[in-house]
Number of protein chains: 4
Amino acid sequence: MSAVERRLSMLSSKLSIFLRRFSVTASKTANLNIGGIYPPIATPFDPSENIDYGKLNENLKVWEAIPFRGYVVQGSNAETAYLKLDEKVNIVKHVRENVPSEKLVIAGSGCESTKETVESCQRMSEVGADAVLVRNPCFYKGSMTDKALIQHYRTVADNCDIPVILYSVPANTGLELPENVIVELSSHQNIIGLKDSGGDITKLAGLAFRTSKNNFQLLAGSASFLLPSYVVGCVGGVCALANILGQACCDLEKLFKEGKFEEAKLLQQRLVAPNQAITKRFGIAGLKSGMDMFGLYGGPTRTPILPLENSQIELLREAFKNSNFI
Amino acid sequence: MSAVERRLSMLSSKLSIFLRRFSVTASKTANLNIGGIYPPIATPFDPSENIDYGKLNENLKVWEAIPFRGYVVQGSNAETAYLKLDEKVNIVKHVRENVPSEKLVIAGSGCESTKETVESCQRMSEVGADAVLVRNPCFYKGSMTDKALIQHYRTVADNCDIPVILYSVPANTGLELPENVIVELSSHQNIIGLKDSGGDITKLAGLAFRTSKNNFQLLAGSASFLLPSYVVGCVGGVCALANILGQACCDLEKLFKEGKFEEAKLLQQRLVAPNQAITKRFGIAGLKSGMDMFGLYGGPTRTPILPLENSQIELLREAFKNSNFI
Amino acid sequence: MSAVERRLSMLSSKLSIFLRRFSVTASKTANLNIGGIYPPIATPFDPSENIDYGKLNENLKVWEAIPFRGYVVQGSNAETAYLKLDEKVNIVKHVRENVPSEKLVIAGSGCESTKETVESCQRMSEVGADAVLVRNPCFYKGSMTDKALIQHYRTVADNCDIPVILYSVPANTGLELPENVIVELSSHQNIIGLKDSGGDITKLAGLAFRTSKNNFQLLAGSASFLLPSYVVGCVGGVCALANILGQACCDLEKLFKEGKFEEAKLLQQRLVAPNQAITKRFGIAGLKSGMDMFGLYGGPTRTPILPLENSQIELLREAFKNSNFI
Amino acid sequence: MSAVERRLSMLSSKLSIFLRRFSVTASKTANLNIGGIYPPIATPFDPSENIDYGKLNENLKVWEAIPFRGYVVQGSNAETAYLKLDEKVNIVKHVRENVPSEKLVIAGSGCESTKETVESCQRMSEVGADAVLVRNPCFYKGSMTDKALIQHYRTVADNCDIPVILYSVPANTGLELPENVIVELSSHQNIIGLKDSGGDITKLAGLAFRTSKNNFQLLAGSASFLLPSYVVGCVGGVCALANILGQACCDLEKLFKEGKFEEAKLLQQRLVAPNQAITKRFGIAGLKSGMDMFGLYGGPTRTPILPLENSQIELLREAFKNSNFI
């Protein structure tokens with residue numbers, strides 16, 4: 001890219017951010033429709049554990065061929081807990097600049113303190129994120145009462161100029177965001193939805209019922225329970241597996257919408273084992289190995305997460321094979 | 001009922017049991033189709049904590065108007081842990097004699113030791129149960145390895161002349177029956193299915209996939225996740241809530257089978273809060289209060305379970321009201 | 001033993017039971033001093049899983065050479081969950097008849113329902129138990145509120161003519177008996193103490209403080225934390241390991257009482273690994289293997305508990321070896 | 001303080017840091033004796049949530065009258081998860097400069113990624129910390145295998161020029177540092193000990209035994225189990241309660257060392273309820289309220305942690321009162 005081209009590209013990106021912001025603030029934030037499938041994209045590192053933007057671009061090129069609603073950047077499986085704020089913001093900025101403006105960019109920006117979370121959201125907004133995904137604070141579990149969580153999220157949402165999406169991910173936080181907290185927050189005009197990765201389908205069905213008057217959008221946090229989530233009232237899914245099998249995830253959405261439940265059932269059943277392999281069973285190292293296996297760039301993890309051993313890679317491959325994805 | 005009538009009724013009941021047994025043993029046990037909705041019926045006690053068979057009959061009369069596939073007798077919410085074996089067997093016998101033979105009677109008969117479980121299954125078979133529902137042993141959690149559980153269930157199934165249904169109910173046992181154990185056991189010719197009350201829809205979808213070649217039938221263990229369970233491959237549900245809202249549970253099944261997913265979604269959403277109220281939130285005392293509320297006989301619990309306080313009864317009523325069932 | 005000898009032995013045993021009962025009821029039940037070390041004895045089975053009283057006698061002979069305060073019969077590691085009530089009662093009777101009357105016999109008699117627990121305690125009292133050890137009901141965890149537990153134990157204690165000892169064993173029940181419940185019950189005149197197997201030393205120290213005015217005696221439920229328990233105010237221990245290393249457990253008590261803390265520390269440290277091996281790690285099969293290893297009769301377990309594999313026996317041996325007990 | 005005085009004070013502090021570093025590197029790091037009592041000091045904030053160094057100085061003045069071995073700065077209850085690295089480092093620097101050089105300053109410096117943890121330790125070393133206290137990474141729980149944790153800590157210890165103390169605090173991290181990992185790491189020459197806040201006294205006794213040849217020092221992580229910890233082989237304690245009742249904590253240590261076990265027992269028993277109140281029950285807000293109650297500066301917390309309500313403050317006061325500390 002020549003210097004002129006780069007400057008033009010930057011200008012165009014800034015313009016596009018400005019226009020998006022303008023259109024958002026002009027309407028009610030709560031009108032942002034987030035229904036659809038998103039990969040919570042993995043962060044590509046080079047062998048020195050530095051972010052590899054070239055590889056990120058290669059992955060984005062692959063993903064752009066898939067009818068995603070957008071991208072979740074700095075979800076849990078982005079190794080976001082191992083990134084500095086500047087790194088996180090830069091990746092969001094980079095993605096925003098490199099995908100078409102009709103694709104949503106949702107930026108993970110939950111921190112432990114309320115103040116840092118507010119700052120982080122602000123930064124994400126400045127680089128063009130369409131919404132922020134805010135996982136609950138969790139280190140001081142015993143102090144995270146309903147009241148504390150509600151006040152935290154209200155402060156964040158009040159001080160954020162883009163919509164806020166709640167995020168419950170108990171496998172990482174050790175703390176399931178309570179149903180009553182979510183219902184209470186669903187009436188806030190700048191809190192537009194929830195990504196729930198806990199996998200409790202009863203909770204999702206109950207939430208759909210209890211928030212039905214608040215224009216509150218529920219996203220399944222995993223491909224493992226994507227179809228059941230749609231069936232009880234969710235509008236989309238943020239699926240680690242969509243990094244690898246994005247088309248299959250979008251197919252499942254389509255089958256559901258077209259009412260083809262027999263086919264949808266079979267596809268959902270096939271997705272479980274591969275998805276469990278790249279989440280619960282082998283974690284982020286498994287996700288990245290799987291990406292390598294399917295022609296994307298997974299690459300190394302940051303330590304302390306260790307790469308898979310060869311025997312584990314074989315088990316991972318088997319999971320995809322048994323489900324006929326290889 | 002005159003003495004002659006009673007004798008005739010007993011004779012007819014014995015004959016019917018004989019004929020059912022004959023037809024079962026003549027075919028492969030695994031052919032028993034258990035698809036459909038079942039209430040795991042509560043045990044009615046009189047004020048002295050004795051079983052009240054008259055009240056049981058009254059309840060059965062109500063339930064017989066509902067298109068259930070059958071009855072689960074001695075499920076967890078029958079206060080089965082508070083009943084002696086003779087009591088359990090007598091209740092099963094009583095139900096078998098008082099419902100039409102086309103209604104299945106599935107008898108809970110899991111005990112801690114393998115030997116007692118075998119005996120218990122035999123007793124249930126003798127009084128005409130169509131299948132036994134066997135929860136896993138749990139007191140010595142640390143010793144319940146996959147191997148121990150597999151050997152336990154194989155011994156039980158080998159020594160039982162009616163089909164065996166596995167039963168995982170971690171809220172009571174503190175031990176989720178592991179997926180690999182279930183898959184391994186699904187190939188046994190006398191183990192025909194699983195009732196899973198854990199509520200992990202991912203597990204159910206994965207099991208449906210992994211047992212698909214073994215003619216293995218999955219039942220959802222709760223109305224809270226009945227529709228999602230159907231959607232991922234279950235064939236029915238054993239729902240505490242069906243004691244109270246049996247018709248609604250059967251309606252949900254029907255909507256699913258007819259492909260009316262929008263209506264099914266709304267009904268499923270409405271069922272969650274009432275069901276949580278009579279299970280997790282208020283337990284068996286809640287279930288019985290709910291039955292009283294809806295014109296069935298709930299009556300007292302056995303101690304140490306305490307009856308609901310008035311304030312709790314109001315909250316219970318509210319749960320049904322908010323979902324428009326009152 | 002000739003018929004005459006047997007008759008004489010029975011007569012003498014009945015007389016001794018009568019005399020003990022008389023002395024207990026004459027004084028305040030709460031005066032029974034339960035301080036000291038007890039093995040919660042394993043139940044010896046023959047290869048057909050029947051109780052082997054001959055082997056039990058052989059074990060008792062070994063144990064009688066050790067300065068135990070008495071025996072806990074039908075503790076959790078007696079496979080008590082796999083025994084019928086008659087079996088449990090007979091074993092208690094047998095032990096009572098075969099150990100000197102100055103040795104206490106404490107009988108496990110907790111059941112799920114209040115009614116069965118009362119009956120079970122009565123039976124134990126009739127065959128000469130000095131006190132009953134009553135684990136909390138646990139199957140309906142969600143319904144075991146503080147209020148339910150308190151009413152349960154009060155009813156049991158009110159209807160039992162020998163003293164009641166509370167018993168919290170969360171590894172089996174999945175339910176830690178709450179501190180407030182224990183404190184509340186400690187003022188009941190027929191509830192004289194607690195065996196706590198949970199291992200939370202903070203709880204024990206807090207209980208010692210909060211029950212100090214109620215003449216309430218605390219027993220550690222494991223050799224793993226015996227010394228720390230004494231140090232915070234416990235008066236003894238019921239230690240699975242005392243089946244095998246009874247003398248060492250009594251030595252530890254003695255070192256504590258003589259103020260030899262350096263030696264006590266070293267002995268306590270050595271006890272941990274062997275004790276963990278026969279409890280958490282390998283369970284009752286480990287305990288029985290360890291008994292076999294040390295010249296007692298361990299023998300087979302009842303299924304579904306499986307015997308140790310050879311490799312596990314080697315690991316078990318190593319645990320004793322590393323602590324210099326072999 | 002005049003400008004000249006301040007300059008002199010700074011010079012002297014720098015010199016003292018230099019001298020301490022020199023003496024440390026000249027000897028084997030593992031020779032640092034960390035036995036004794038430490039308060040893990042709370043971080044004083046002004047009403048705008050900024051660090052209030054003046055108040056910190058006032059607290060330090062109170063604490064300096066107590067025979068602590070030193071200070072833990074940036075332990076969990078310092079709201080360390082809500083502080084930026086620069087803030088954390090500055091507080092450590094400030095404490096180092098304001099307490100006598102014979103008092104140890106142990107700096108909390110665990111982060112999620114290995115790289116950030118190394119950097120953080122380096123920063124703490126540069127400002128004069130005597131040792132670092134490194135809690136395990138926890139966000140990606142599923143990936144924190146024994147192997148990953150061992151490699152993480154080895155890398156940290158290899159790259160740190162002051163001694164490393166492991167830190168297990170499952171109430172915050174949701175992840176107990178496994179015993180085998182600790183034993184494995186105890187042989188590393190720059191890993192000199194463990195602070196364990198989990199409260200599992202069996203684990204501590206077992207660790208004392210298994211690490212006895214490695215010159216590895218164990219610190220109890222709470223006043224709730226300080227005496228039991230000493231008795232099984234710990235050399236000191238890091239006690240939140242020492243922020244408030246520092247003298248009592250040191251008295252307990254003294255009673256233990258002088259073999260006054262009866263008095264020690266009573267004091268330990270009294271410490272439990274107040275300590276539980278300022279940790280498990282009311283958390284950091286409780287700790288700070290307690291400090292205010294006893295004439296130290298507690299002050300506000302950072303959000304999302306909320307201040308205690310008045311009714312909670314009364315319960316807190318009661319806990320201290322019941323134990324005769326008020």
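**The contact of chains D and C**

Begin by selecting chains D and C of this predicted model. Their contact draws 23 residues from chain D and 23 residues from chain C. Within chain D, color T202(D), F209(D) and Q269(D): these residues lose the most area to chain C, together 30% of what that side buries. The size of an interface is often given as the accessible area lost when the parts come together. Between chain D and chain C the buried area is about 2000 Å², and carbon and sulfur atoms give 73% of that area.

Next, display the side chains along this interface. How many salt bridges are there between chain D and chain C? The count is zero. Polar contacts, by comparison, are found in two residue pairs across the interface of chain D and chain C, both at pLDDT 80 or more.

Now select the helices of chain D that line this contact. The elements giving two or more residues to the side that touches chain C are α8 (201–210), α9 (226–232) and α11 (261–281) of chain D. Which of the elements provides the largest share of that side? The largest share, seven residues, comes from α11(D). By residue class, the side of chain D that touches chain C divides into 11 nonpolar, 10 polar and two charged residues.

**H152(D) and its surroundings**

Stay in chain D and select helix α5 (residues 146–158), where H152(D) lies. Is H152(D) buried or exposed? H152(D) is buried, because its relative accessible area is 1%, and the limit for a buried residue is under 20%.

Show the residues around H152(D). Leaving aside residues up to four places away in sequence, H152(D) touches C111(D), S113(D), T114(D), T117(D) and P137(D), and also P304(A) from chain A. One of these neighbors, T114(D), is joined to H152(D) by a side-chain polar contact of 2.9 Å.

To relate this site to helix α9 (226–232) of chain D, which contributes to the side touching chain C, select P228(D) and draw the C-alpha to C-alpha distance to H152(D). The two residues are 76 residues apart in sequence and 30 Å apart in space.

**Cis peptide bonds in chains A and B**

From H152(D), move to P304(A), which H152(D) touches. P304(A) lies in the loop between α12 (283–293) and α13 (310–322) of chain A. Inspect the bond that precedes this proline: a cis peptide bond joins T303(A) and P304(A), with omega of about 15°.

Then select T303(B) and P304(B), which are also joined by a cis peptide bond, with omega of about 15°. In chain B, P304(B) is found in the loop between α12 (283–293) and α13 (310–322).

**Positive phi angles in chain A**

Return to chain A and select E79(A), in the loop between β2 (70–73) and α3 (85–98). Although E79(A) is not a glycine, its phi is positive, about 55°. E79(A) counts as buried because its relative accessible area is 0%.

Next select N215(A), in the loop between α8 (201–210) and β7 (217–220) of chain A. N215(A) also is not a glycine and has a positive phi, of about 50°. N215(A) counts as partly exposed, because its relative accessibility is 43%.

**The axis relating chains A and D**

Select chains A and D together. A rotation of 180°, with 0.0 Å of shift along its axis, superposes chain A on chain D with an RMSD of 0.0 Å. That is the relation of a two-fold axis. Which C-alpha of chain A is nearest the axis? The C-alpha of G174(A) is nearest, at 3.1 Å from the axis. Of the interface residues of chain A, 100% are also interface residues in chain D, so the copies meet through the same surface.

**A buried arginine in chain C**

Go to chain C and select R96(C), in helix α3 (residues 85–98). R96(C) counts as buried because its relative accessibility is 3%. Add D130(C) to the selection: the side chains of R96(C) and D130(C) make a polar contact of 2.7 Å.

**Chain pairs without contact**

Finally, view the pairs of chains that do not meet. Chain A and chain C do not touch, and their nearest C-alpha atoms are 18 Å apart. No contact joins chain B and chain D either; their closest C-alpha atoms lie 18 Å apart.

Notes:
Residues numbered from 1 in each chain as written. Chains lettered and ligands numbered in written order. Predicted model: local features only at pLDDT ≥ 70, side-chain atom pairs only at ≥ 80, totals over all residues. Heavy atoms only, no water. Contact = heavy atoms within 4.5 Å. Buried area = accessible area lost by both parts, 1.4 Å probe. Salt bridge = Lys/Arg side-chain N within 4 Å of Asp/Glu carboxyl O. Polar contact = N/O pair within 3.5 Å; in protein donor to acceptor, adjacent residues only side chain to side chain. Helix = DSSP H or I, 4+ residues; strand = E, 2+ residues; numbered from the N terminus. Nonpolar A, V, L, I, M, F, W, Y, C, P; charged D, E, K, R; others polar. Buried < 20%, exposed > 50% of the residue type's maximum accessible area, 1.4 Å probe, protein only. Least-squares fit on C-alpha atoms with pLDDT ≥ 70 in both.
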